[in-house]
Protein chains: 2
Amino acid sequence: MSVVLLSGGVGGARMARGLAAALPAGALKILVNTGDDFDHYGLRICPDLDTVTYTLGGVSDEARGWGRRDESWAFLDSLGALGGETWFQLGDRDLALHVLRSWMLRQGSRPTEVAAHMAARFGIGAALLPMADEPVATMLETDQGLLSFQDYFVRHRSGPRVLSVRFDGAAQAAPTAELRAALADPALEMIVIAPSNPFLSIDPILAVPGLRDALSGAGVPVVAVSPIVGGAAVKGPLAAILEGYGLAVSPASIAAHYRGLLDGFVIDEADAALAGGFGADAPPVLVTGTMMTGPEASRRLADAVLAFGRDLAGGAAHGR
Amino acid sequence: MSVVLLSGGVGGARMARGLAAALPAGALKILVNTGDDFDHYGLRICPDLDTVTYTLGGVSDEARGWGRRDESWAFLDSLGALGGETWFQLGDRDLALHVLRSWMLRQGSRPTEVAAHMAARFGIGAALLPMADEPVATMLETDQGLLSFQDYFVRHRSGPRVLSVRFDGAAQAAPTAELRAALADPALEMIVIAPSNPFLSIDPILAVPGLRDALSGAGVPVVAVSPIVGGAAVKGPLAAILEGYGLAVSPASIAAHYRGLLDGFVIDEADAALAGGFGADAPPVLVTGTMMTGPEASRRLADAVLAFGRDLAGGAAHGR
């Protein structure tokens, strides 16, 4: 058996941790958004891949929500003293990953190979698959102009109103051989879309040509977990983006966004009253606890999602 | 008035500190060996420039003999854990210099401009001038094959016998405009060759086409301080290299190596008995304390060398 997870950063990483604990070693394949990747001082930074790697590797800083725990900042202090920019916080330990990755890429390794090397070094059994080896850049048209994701999220602290999102380079990207193999695996049981930001974390993945069709054509249930709980986003700028688009901050907006892709939709108990209201063509809905407050909560959600997906597969609900 | 110092690493840095203290602000121009520069994980490392920068910037680790004091090693620990090589010890604070420099070079800055930026950031009044903007690589033919300087010095701990030294790229290098201006400055009083390794630190500088002639043609005394004291090298592999060449570990070998270039030669009191034995065509010799055990000792040596050079200038001894 195997499961493919579509993942952004923190929400995806926590879902991945739960699924990795629930599944046999090697059964989880994580398709990670690379639309936020960028170059900083000549170093290739991959925020979502790094968050998933550090979380599954057991070294993430859960309190801060990004980067490594037991981190130190001597490099950043010194960089600032030399007149360098410090808006993007590079920790001393974190930096090793970026320096080694950048060097491996310059030596000719593919991003997929680099991600696999790092995962192995952190003792991660799951496969970490960048959504593409080609560079794709998530760009936000906002009321303060066109911004890269980092500009919007870190520099502007998600303040500007988002008018539209585009994925530069996506048209030139293609699913990697590893990714196609994961989706074509006869042992594939289901595809899970993590409770990540649909517009900024999952849409870039779906924008890779052929990938959306490959997901639908895999012949297994596709199940999404709502990142909206009780009228708010669990983390990040999703609520502001929904409001900017004139959409309700509700799981209904998420279900509508993924219309045609899902065979099952998972919402939190806080939103149980909404379960019947997603429309006549809405997929089956599972109501369960979705707040991944720790490894145990992640594992419970993973178990519920896996059982839900298997029920859907048994009912052959994925007949698209 | 101004003084040009030819410098390698530690010996040159200590001489520079003494001269900087003895001279008015801005009067010292340091021509630094870049033959040891190399790329490591995509970062441009400039060992001699960095040693001079850290020493004059007051942040060098005097006990260890290289790098910054109050250094930490979280990056290197993490790099090793990720399977990276750790033979070249990159400290967290040191790394900021390399990352920023490498990025500035990729953005199109010349090495001379980068060195000036870093010097200014460390509050250094002296001018730090790389011997050339073009890359030059000191390569050692040894009994264990051809080695780069770092391979020889760090990896092999100066163990192999050196048969010859060459400077790859030197033929394509040229003195920078800043360097030519320093040597053409009407205020130039003298040129000092630091007690650095003649074969590995000073010869690369002299190998830049036109530079040796520019030194001789500057019309001021050229004074070298012997890096050999009491039959031993103060630091580094110089004694082993002299022995490998079949030369005596004596200031006489240094004087012979610089034959035709010097107007004055400075040796330590420990070698006072040798002062008259450098041959009929030998330049005037100053015997003084040359062991730069601290800033005060560096300052005393600088004062003595400056007085010696001024005496030589007064006597018009530099009539080549």
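**Entry 1: A:Arg101 and A:Asp50**

I looked up A:Arg101 and found that this residue forms a salt bridge with A:Asp50, the closest N and O atoms being 2.9 Å apart. I counted as a salt bridge a side-chain nitrogen of Lys or Arg within 4 Å of a carboxyl oxygen of Asp or Glu. A:Arg101 belongs to helix H4 (residues 92-106) of chain A and A:Asp50 to helix H2 (residues 47-56) of chain A, so the pair ties together parts 51 residues apart in sequence. I noted that A:Arg101 and A:Asp50 are both buried. Buried means under 20% relative accessible area, exposed over 50%, and partly exposed in between (1.4 Å probe, protein chains only). Helices (H or I, at least four residues) and strands (E, at least two) are DSSP runs, numbered from the N terminus.

I recorded the conventions here: this is a predicted model, in which local features need pLDDT of at least 70 and side-chain atom pairs count only at pLDDT 80 or more, while totals for chains, interfaces and linings use all residues. Residues are numbered from 1 along each chain as its sequence is written, chains are lettered from A and ligands numbered from 1 in the order in which they are written, and side-chain values use heavy atoms, with hydrogens and water left out.

**Entry 2: B:Asp50**

I then turned to chain B, where B:Asp50 is placed in helix H2 (residues 47-56). B:Asp50 counts as buried, at 6% relative accessibility. Leaving aside neighbours within four places in sequence, I found B:Asp50 in contact (heavy atoms within 4.5 Å) with B:Leu97, B:His98 and B:Arg101.

**Entry 3: other salt bridges**

Over all chains, I noted 30 salt bridges in the structure. One of them joins A:Arg259 and A:Asp281, whose closest N and O atoms are 3.0 Å apart. A:Arg259 lies in the loop between helix H11 (251-257) and strand S13 (264-268) of chain A, and A:Asp281 in the loop between S13 and strand S14 (285-288), so this pair ties together parts 22 residues apart in sequence. A:Arg259 counts as partly exposed at 44% relative accessibility, and A:Asp281 as exposed at 53%.

In chain B, I found a salt bridge between B:Arg44 and B:Asp39, with the closest N and O atoms 3.4 Å apart. B:Arg44 counts as buried at 19% relative accessibility, whereas B:Asp39 is exposed, with a relative accessible area of 53%. I also noted that salt bridges sharing partners join A:Arg110, A:Glu113, A:Asp133 and A:Glu178 into one network.

**Entry 4: where the chains meet**

How many residues does each chain give to the contact? I found 27 residues from chain B and 27 residues from chain A. Chain B and chain A bury about 2,300 Å² between them, 69% of it on carbon and sulfur atoms; buried area is the accessible area (1.4 Å probe) that two parts lose on being put together, summed over both. On the side of chain B that touches chain A, the elements giving two or more residues are helix H3 (74-81), helix H4 (92-106) and helix H5 (111-121) of chain B. H4(B) gives the most to that side, with 9 residues. I counted 0 salt bridges between chain B and chain A.

**Entry 5: symmetry**

I noted that a turn of 180° and a shift of 0.0 Å along the axis lay chain B on chain A with an RMSD of 0.0 Å, which is the relation of a two-fold axis. The superposition is by least squares on the C-alpha atoms of residues with pLDDT of at least 70 in both copies.
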